[in-house]
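Here is a model to read at the bench, one question at a time. Keep the sequence and the 3D view open.

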Amino acid sequence: MTLEGAPGLEVDPLLDNPETRIVVCCGAGGVGKTTTAAALGVRAAERGRKVVVLTIDPARRLAQSMGIDQLDNVPRRVDGIKGDGELHAMMLDMKRTFDEIVEAHADPERARAILANPFYQSLSAGFAGTQEYMAMEKLGQLRAREEWDLIVVDTPPSRSALDFLDAPKRLGSFLDGKFIKLLMAPAKVGGRAGMKFLNVGMSMMTGTLGKLLGGQLLRDVQTFVAAMDTMFGGFRTRADATYRLLQAPGTAFLVVAAPERDALREAAYFVERLAAERMPLAGLVLNRVHGSGAVRLSAERALAAAENLEEGRIVDQGHGKTGVRGPEATSPEPGAPRTTAARPDTVATTTDVTTPPAVAELTAGLLRLHAERMQVLAREQRTRERFAALHPEVAVAEVPALPGDVHDLAGLRTIGDRLAEGRH
């Protein structure tokens, strides 16, 4: 099946274009973003580009599929890539990335004070939006190094795919100095009035920071602000720079979804949001699309055939009782086996005194499985058509569902091949 009317997403020209420097895979959780990002990285590298894949997925399977014991905050080269290109992979370490920012923008003594500060440790490990912000911070670092031709980003898993675009601004606003200085006020006021004022401010923060309430917190905040004061503006500046980088012509967003109602609804929201933010959308990758080699056998006819088998009746004959003309079409003698010569596109299964019950039961079960598959195909097609009606301009690549998970480079190559084919 194909998504009628939708333009096809041409993956290879996108990856081959030297002006394409960043590909961002985004979408709802559990739709195959990480595998898609890895497959794109493998394909681009084997077509001659020097690629780094930045993933935020904590699962070990991606590292294992690339033949790496583990992924961390340092890009590691992937062996086994064919051709002249290179592939590196890394997994975002949120806290380590935050630490690196501190180390890069503070003198050693001040950096040590910040890293050891309990307030900073809670902020860097648990503040809402930190992971999304640090993913963008790491992207900015990688792009600035000019070491790779192409950066493929697997966006963070979150309750809403839209958090990815909001987080840099949200955390940048928090770290621009104003709110931190507001929290600093009780340390200057002191006493019970100061603690009451602090509690109001802390109610706006995450539960992790709330655990630090007390006099020690005031001292920690004061120490933190004193050490970080010169760095706050830098967070805002880099957040804005990365945001502009995402809007640049060299960036391409791929929205990844499954052919399911909720996933495609969120994909539609994301497409609209990218358009509103003037982000360059390349297209939609529709993962795990089901297919069948027997689409001419409808679900209704398969179910009817299964019921007839289970009831011991002749099933869907083409002509007469036996599906043939001539002398053979006459009723057989009592006890003689029935014969069938049905058309290729008909179900020609029969039961008679010579058909073992186990065979009839197995055949009926297979027919019911086929009927379920055809119902799934019909449901997916309706869902995809609704998306296409809402967003006819969005190019689409369909990736057929695989029988199992991807465990190695060969599996990633298969995904890449199917992405490039775009349809099945």
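The questions below go from confidence to helix, strands, cores and salt bridges.

Q: What pLDDT does the protein average, and which helix has the lowest confidence?
A: This is a predicted model, so confidence comes up front. The protein averages a pLDDT of 76, and 68% of the residues score at least 70. Confidence is highest in α1, at 96. The lowest mean, 43, belongs to helix α11 (residues 207–210).

Q: How many contacts beyond four places in sequence does the model have for residues 197–213?
A: Across residues 197–213, pLDDT stays under 50. Residues 349–353 also stay under 50, with 18 such contacts. For residues 197–213 the count is 34.

Q: What does helix α7 span from its first C-alpha to its last?
A: Helix α7 covers residues 130–145, which makes 16 residues. At 1.5 Å a residue, the expected reach is 22 Å. The model comes close to that, at 22 Å.

Q: Which residue just after α7 takes a positive phi?
A: Many residues of α7 are buried, including Y133, M134, L139 and L142. Just past the helix, phi turns positive, at about 55°. The residue is E146.

Q: Why is strand β2 largely enclosed by the rest of the structure?
A: Strand β2 runs over residues 50–55. Buried means under 20% relative accessible area. β2 is largely enclosed because the number of its six residues that are buried is five.

Q: Which residues stand opposite V51 in β4 and β5?
A: β2 pairs in the parallel sense with β4 (residues 86–91) over six bridges. Four bridges join β2 to β5 (residues 150–154), and these two also run parallel. Opposite V51 stand L87 in β4 and L150 in β5.

Q: Which residues have the most contacts inside the largest nonpolar core?
A: This core has 49 residues. One of its best-connected members touches C26, F270, L274 and L281, among others, not counting residues up to four places away in sequence; that member is V255. The residues with the most contacts inside the core are V255, L284 and F387.

Q: How many residues does the second, separate core have?
A: The second core is separate from the largest one. Among its members are A38, I68, V256 and I415. Its size is 41 residues.

Q: How far apart in space are G8 and V394, C-alpha to C-alpha?
A: G8 sits in the segment before α1. At 46% relative accessibility, G8 counts as partly exposed. In sequence, G8 and V394 are 386 residues apart. In space, C-alpha to C-alpha, they are 8.6 Å apart.

Q: Which residue forms a salt bridge with E146?
A: The structure holds 17 salt bridges. In this one the closest N and O atoms are 3.4 Å apart. E146 lies in the loop between α7 and β5 and its partner in the loop between α1 and β1, so the pair ties together parts 125 residues apart in sequence. The partner is R21.

Q: Are R384 and E398 buried or exposed?
A: R384 forms a salt bridge with E398, with the closest N and O atoms 3.0 Å apart. R384 lies in helix α16 and E398 in strand β8, so the pair ties together parts that are 14 residues apart in sequence. Both residues are buried.

Q: Which residues do salt bridges that share partners join into one network?
A: Not every salt bridge here need be read as a pair; some share partners. Those that do make one network. Its members are D12, D16, R43, R47 and D417.

How values were computed. Residues numbered from 1 in each chain as written. Predicted model: local features only at pLDDT ≥ 70, side-chain atom pairs only at ≥ 80, totals over all residues. Heavy atoms only, no water. Expected span 1.5 Å × (residues − 1). Buried < 20%, exposed > 50% of the residue type's maximum accessible area, 1.4 Å probe, protein only. Pairing = 2+ DSSP bridges. Core = buried A, V, L, I, M, F, W, Y, C linked by side-chain atoms within 4.5 Å. Contact = heavy atoms within 4.5 Å. pLDDT = per-residue confidence, 0-100. Salt bridge = Lys/Arg side-chain N within 4 Å of Asp/Glu carboxyl O.
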